[in-house]
Structures are given as C-alpha cells and as structure tokens.
Amino acid sequence: MVPAQGISRRIADARTYWSSSSGAAWPADSHWRNGLGDEAWLEVGRDHLAIYQRFAKGLDLPSGPGRVIEWGCGGGANAVAFAPIASKFLAADVAPDSVTECVRQVQVVCQTPVEPVHVDIENPERAVDGREASCDTFLCLYVIELTAGAEEALRIVRIAEQLLVSGGMAFIQVKYRTADRRTRGHRRDYRRNLANMTTFGIDEFWLRAIDCGLNPKLITLVPRNRLDTRYAYYALIKP
Ligand SMILES: C[S@@+](CC[C@H](N)C(=O)[O-])C[C@H]1O[C@@H](n2cnc3c(N)ncnc32)[C@H](O)[C@@H]1O
C-alpha cells in the first residue's frame with residue numbers, strides 16, 4: 001500500500017491549490033458557473049435545495065433556512081438556490097476568489113444580505129469568532145471529501161456546532177466508503193486525489209457527528225449523480 005503523507009503536508013497542498021485560482025481544472029473543481037457549465041451548475045443548487053427542504057419538512061422545521069452560512073461556498077452554485085429564501089447568507093471559503101465570486105452571484109439573483117467570510121485552512125475556527133450561535137442553517141456540500149483528513153473534516157462539524165443556534169440544522173454531504181478498499185480516502189497527492197481525500201463509513205460519520213455535539217436526525221443517499229458517486233447527506237440538529 002502507498003503510504004499516506006503527513007497531515008501538515010496535505011493541508012499545505014490543499015491551501016496552495018485552492019488559493020491559487022489557477023490550473024485548467026480549478027474553475028470546475030471550485031464549482032464556478034463557467035467551470036461546470038450552466039446546466040450542471042444550476043442543478044447542484046436545485047438538487048441540494050430539494051433535499052434540504054425534504055429534511056426540513058420531515059423535521060417540522062420552517063421551510064425557509066433563515067440565516068445561512070455555506071462552508072466552502074465555491075462559485076455560488078448552492079448560494080443562488082438558498083440565498084433568495086434566506087434572511088442572510090454568509091459565503092465562507094478558503095479561496096478568496098471564490099468568496100468574491102459567490103457574493104457576486106448572490107447579488108445577481110437576490111437582495112438578501114450577503115457577507116464574505118475568509119477561512120484560514122490552518123485555523124478555520126477563527127472564522128467563528130463573534131459569530132457563535134448566529135446561524136439557523138450550516139451548509140457544507142462537496143467539501144468534506146476535499147479535506148486533508150478525517151480530523152480536518154470533523155473540525156468543520158465542530159465549527160457547525162459552534163455557529164448554529166439551538167434547533168438549527170447542519171446540512172452536510174459526505175462521500176461514503178464501501179467494503180471496496182479503493183473507496184478509502186487517499187491521504188496523499190492532494191492535487192491528483194482532491195475529490196477522494198477523505199471518506200467516511202455511512203454510520204461512522206453519523207456517530208462522529210454525535211461526538212461533535214450534533215444530533216443526526218435524517219440521512220439520504222445519492223449513489224450516483226451527474227458529477228460523482230457515493231454521496232450521503234445528513235441533517236444534523238444542534239441540541
Ligand atoms: C467542489 S467546490 C464546492 C462548492 C460548493 N459548495 C458547491 O457545492 O457547489 C469545493 C470548495 O470548497 C473549498 N474548500 C476546500 N477545502 C476547504 C476547507 N477545508 N474549508 C472550507 N472550504 C474549503 C474550495 O475552495 C472550493 O471552493
């Protein structure tokens with residue numbers, strides 16, 4: 001088996017990749033409209049909003065998401081679907097250009113107040129300062145698989161717990177592993193393996209979310225979509 005690289009190397013490689021805004025694949029990897037193409041880009045937000053609303057209905061939550069933060073907002077594919085029905089939208093990302101692009105896309109489609117949030121990949125908790133218990137909905141979609149390792153992914157879940165109000169929902173998508181060894185996270189060569197760095201067993205993520213202080217309530221699986229395979233969506237409620 002090829003050995004894993006150390007976590008600090010993987011984090012450094014992730015930072016270099018996302019903040020560079022360069023390379024042929026970067027706009028598609030970052031889910032910018034010009035990277036995915038109109039149809040796929042619009043579908044991302046539409047599909048995610050539909051799953052979110054199914055969860056909200058099943059849990060007797062208001063259908064509107066209230067004050068939303070999207071962690072890893074990329075080029076705004078989800079933002080343009082959620083922001084028009086939100087009361088406020090926070091666009092958070094490790095890539096400054098993606099934060100700017102997401103804010104721009106939100107302003108094209110609605111007048112909902114939108115705030116840029118720059119995330120330092122090595123100190124993501126700093127983005128929480130002054131925002132504790134200020135969000136009703138925490139979105140994290142097509143991001144967990146790109147984190148440098150499971151502990152980095154779970155840092156994001158703990159950040160969700162800090163940002164949410166009691167009763168708020170973290171709507172998180174995870175790429176799941178199966179019995180096939182090849183579906184384990186790759187843990188090396190970030191740029192080449194970025195969409196497969198971190199995977200979880202379906203029940204494993206459910207249990208780790210509890211350790212992070214959130215109550216998992218609902219899950220749905222999407223074994224394949226237009227972009228990729230093996231996705232699990234969780235509705236995690238802050239007690
Ligand atoms: C595949 S795009 C997804 C964008 C958007 N969430 C969507 O579903 O269309 C991944 C985004 O996550 C960001 N990202 C990567 N690692 C991150 C981390 N550790 N914390 C926050 N954002 C991260 C990248 O800069 C990129 O914009």
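Student: How many residues surround the ligand?
Tutor: Happy to start there. This is a predicted model, where local features need pLDDT of at least 70, side-chain atom pairs count only at pLDDT 80 or more, and totals for chains, interfaces and linings use all residues. Residues are numbered from 1 along each chain as its sequence is written, and side-chain values use heavy atoms, with hydrogens and water left out. A residue counts as near the ligand if one of its heavy atoms lies within 4 Å of it; with His-31, Gly-72, Asn-78, Asp-93 and Leu-141 as the closest, the number surrounding the ligand is 20.

Student: How far is a polar side-chain atom of Asp-93 from an oxygen atom of the ligand?
Tutor: A polar contact here is a pair of N or O atoms within 3.5 Å. Gly-72 brings a polar backbone atom to 2.7 Å from a ligand nitrogen, and Gly-74 has a backbone N or O atom 3.5 Å from a ligand oxygen. For the side chain of Asp-93, the distance to a ligand oxygen is 2.6 Å.

Student: What share of the ligand's exposed area does the protein bury?
Tutor: Accessible areas come from the Shrake-Rupley method with a 1.4 Å probe. Taken alone, the ligand exposes 600 Å². Of that area, the protein buries 95%.

Student: How many residues of the shell around the ligand are nonpolar?
Tutor: Ala, Val, Leu, Ile, Met, Phe, Trp, Tyr, Cys and Pro count as nonpolar, Asp, Glu, Lys and Arg as charged, and the others, Gly among them, as polar. Five shell residues are polar and three are charged, and the nonpolar ones number 12.

Technical notes. A polar contact is a pair of N or O atoms within 3.5 Å; within protein, one must be able to donate a hydrogen and the other to accept it, and residues adjacent in sequence count only if both atoms are side-chain atoms.
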